[in-house]
Amino acid sequence: MSAALLVRALRDPASVTTLDATGWNGLIAAARAERLIGTLAFRLAEIAVPPAVQPILADARTDAAREARQALWEADRAVQALRPLDVRVILLKGTAYAAAGLRAGQGRFIGDLDILVPRDRLSAVEQALIAAGWEWVKKDAYDDAYYRQWMHELPPMIHRTRDRMIDVHHTILPLTARPKPDAAALIADAEPIADGLYMLSAEDRVCHAAAHMLADGDLQGGLRNLWDIYGLLAECDPSLLDQRAAHHGLRAHVQQARRLALALYGDGARLTLWDHLVRARLLARDGWGRETRKALVFAFFLRSHWLRMPPLMLARHLWTKWRKGHRPT
Amino acid sequence: MDNSLSYRRDPADALLSCALEDLTLLYHRRSGQTHMVISPVPELLDRMADGATVTAQALHDRLAQDFDLGPADEALAEIATHLYALAALGLVRPA
Amino acid sequence: MNHALTLRIGPATFRIGAAWPQPIAQLQRLYAAYPDVTGQVADFTVRLQPTSMVRRWVRPSIFITGDHGLADAAPMSLSHGLLAAEMGMNLQMALGWRRHLLLHASSVEKDGCVLVMTGESGSGKSTLAALLGERGWRFMGDEFALLDLDSGAILPFPRLVSLKNRAIDVVADTVGQAHMGPLLAATAKGDIRHMVPRADAVARMGEGAMPALLLFPRFGHAPDIRPVGQGEIFMRLTQASTNYVALGEPAFVALTRFVRDVPARAIDFPTGEDAIAMVERLWEERA
């Protein structure tokens with residue numbers, strides 16, 4: 001199982017010195033599939049690797065540097081666009097880690113720009129972004145109504161000329177999810193980074209990453225989320241984190257994320273039965289980078305929708321999606 | 001276009017430039033974007049290289065030291081338009 | 001995966017896995033003269049997998065993916081498996097290669113200098129490179145020319161030449177059936193047949209050379225030769241590159257140097273023979 005190789009290489013970089021070509025091919029395929037190749041390249045920077053592997057890792061480091069530069073540029077553009085509004089731009093996830101130089105940001109793949117703003121300023125933010133060249137990705141009325149009614153963010157927008165996406169959040173979980181994080185507290189306790197940019201407090205960063213991974217998804221990209229969490233945990237105070245997680249209604253999620261992060265990337269932890277299932281899902285990838293254990297993967301896809309929505313709403317949502325030809329893969 | 005707006009160039013927005021016949025290519029390191037521009041844009045950016053905050057009027061006066069710009073109000077409007085467009089690209093910043 | 005092969009083309013190594021034996025067997029035959037890199041670490045993984053469990057056996061349908069893939073890539077019939085493998089390798093290069101600036105162009109070399117030809121599909125750049133490769137030029141590639149970021153040299157990427165429709169017979173008559181792959185009839189791009197590059201193209205596939213002439217060919221028009229402005233050349237080359245943006249500043253430096261240093265012409269021609277005559281003349285007149 002190459003996902004297991006990937007986890008081992010991240011936990012113990014020196015372990016790669018025993019790999020043969022088949023092992024390396026599996027490790028590289030898994031790291032690319034999990035979008036952890038840049039992170040892996042940083043972790044292996046000091047390790048002697050075979051000559052054929054060196055350029056692959058060097059390319060990954062170059063790509064990661066460009067990702068970070070582009071992400072910071074998008075953040076800069078958003079700050080410029082929102083300057084007249086006097087709204088704090090709170091960066092979430094990868095862009096925040098890169099801007100603040102956090103360990104979780106090293107080599108990290110960064111896709112869209114995610115920002116958090118107060119819910120009562122959403123429409124002003126939306127207008128300012130549209131004036132600065134962002135536009136809606138989809139014109140589909142169903143998806144739009146779905147976002148506005150139930151989600152924790154505006155429908156995704158893309159910049160007309162730069163072709164980069166922005167997700168504007170007003171809280172960190174969909175409104176249909178069971179936990180209801182305190183968005184006002186997230187915003188009030190945000191920390192400045194530089195140049196008008198903010199990020200969540202150290203404890204809230206873990207709460208968000210855990211919520212994103214365990215309460216709001218089918219665990220796609222879970223190994224990367226968990227690597228983030230492992231790095232973020234080192235930056236916060238355990239008892240403050242526990243209080244904060246309880247305040248947001250995310251105590252169980254944060255505790256589970258901590259157990260999984262320590263079990264996979266750290267010194268180990270006692271896992272529950274449910275943890276073992278999640279772990280099996282996270283490691284479901286073969287030596288060609290393919291997802292294995294299709295039934296387990298599909299179970300988590302259903303669960304992720306269940307987590308966000310009451311059952312009747314779920315049925316209606318899946319029906320609308322499937323009628324349009326969408327299939328979980 | 002509002003001629004009273006002022007702009008500046010940030011050192012972080014440094015450009016790499018290359019002239020190709022009558023065009024100038026600008027590589028903006030911070031965004032990773034390549035821009036293709038023609039006169040008077042390179043001249044205009046050149047005269048903001050010191051990082052000072054300028055209005056269209058101030059920039060007009062700087063350019064007028066080296067070039068014949070023709071009627072002042074037309075030249076001023078053109079400069080203001082260029083500054084606005086450059087700010088949208090992130091090559092200059094509203095001050 | 002059940003069937004697999006590792007291939008090196010120019011500087012890149014591919015590990016190709018398939019759910020069926022046919023595409024791998026065809027690759028093995030056509031790439032027989034290429035270096036044996038079995039069991040080495042590959043730069044890229046390519047997967048030819050069934051679109052669903054059923055599609056492995058019933059009307060087999062190939063989904064092309066790998067390290068880099070497109071979620072909405074149209075599935076292909078198993079009878080076009082060779083094309084699927086070639087497309088899979090192209091996809092990895094286009095989306096993942098970072099060691100050179102990738103130009104969607106064909107290239108041939110003579111006397112230590114490279115002729116680069118770029119244009120849309122159907123411009124005739126592939127056929128022209130294949131024909132020149134049979135007439136005293138060294139064939140370097142029909143799909144990607146790799147521009148070295150430091151030296152400015154063009155490096156070869158001599159995969160199989162992909163010939164389409166009318167070009168198939170023109171080239172097959174010249175090189176002989178032994179050097180040709182199976183006819184892939186009625187693909188999305190029409191009929192396709194692959195041609196194995198000559199032995200010297202394969203033997204020297206690690207050897208680059210400096211570019212000396214850039215052409216923008218256009219097949220099917222009255223003969224014409226036009227100069228092209230440097231700004232337009234730069235624009236067209238950035239559009240013909242899938243990794244210009246990803247490479248950033250080094251790509252800007254390398255490409256502007258290429259545009260300033262390499263003379264360029266747009267050429268229109270009605271037939272391959274006309275094109276060859278025009279190319280040979282421009283080559284003599286260059287510099």
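The following exchange concerns the contact of chain C with chain A in a predicted model and a surface patch on chain C.

Me: What conventions apply?
Reply: This is a predicted model: local features need pLDDT of at least 70, side-chain atom pairs count only at pLDDT 80 or more, and totals for chains, interfaces and linings use all residues. Residues are numbered from 1 along each chain as its sequence is written, chains are lettered from A and ligands numbered from 1 in the order written, and side-chain values use heavy atoms, without hydrogens and water.

Me: How many residues does each chain bring to the contact?
Reply: Chain C contributes 21 residues and chain A 19 residues, where contact means heavy atoms within 4.5 Å.

Me: How many salt bridges across it?
Reply: The rule finds 3, a salt bridge being a side-chain nitrogen of Lys or Arg within 4 Å of a carboxyl oxygen of Asp or Glu. One pairs C:Arg99 with A:Asp59 at 2.9 Å, N to O.

Me: Which element supplies the largest share of chain C's side?
Reply: E3(C) does, with 5 residues; strands are DSSP runs (E, at least two residues), numbered from the N terminus.

Me: Changing topic, where is C:Val58?
Reply: C:Val58 lies in the loop between strand E3 (44-50) and strand E4 (61-66) of chain C.

Me: Why does C:Val58 count as partly exposed?
Reply: Because its relative accessibility is 43%, and partly exposed lies between buried (under 20%) and exposed (over 50%), with a 1.4 Å probe and protein chains only.

Me: Which residues join C:Val58 in the nonpolar patch?
Reply: C:Met53, C:Val54 and C:Trp57 do. Patch residues have over 30% relative accessible area and no salt bridge, with nonpolar side chains (Val, Leu, Ile, Met, Phe, Trp, Tyr) joined within 5 Å and like charges within 9 Å.

Technical notes:
Accessible areas come from the Shrake-Rupley method with a 1.4 Å probe; for residues, only the protein chains shown count as cover. Helices (H or I, at least four residues) and strands (E, at least two) are DSSP runs, numbered from the N terminus. Buried area is the accessible area (1.4 Å probe) that two parts lose on being put together, summed over both.
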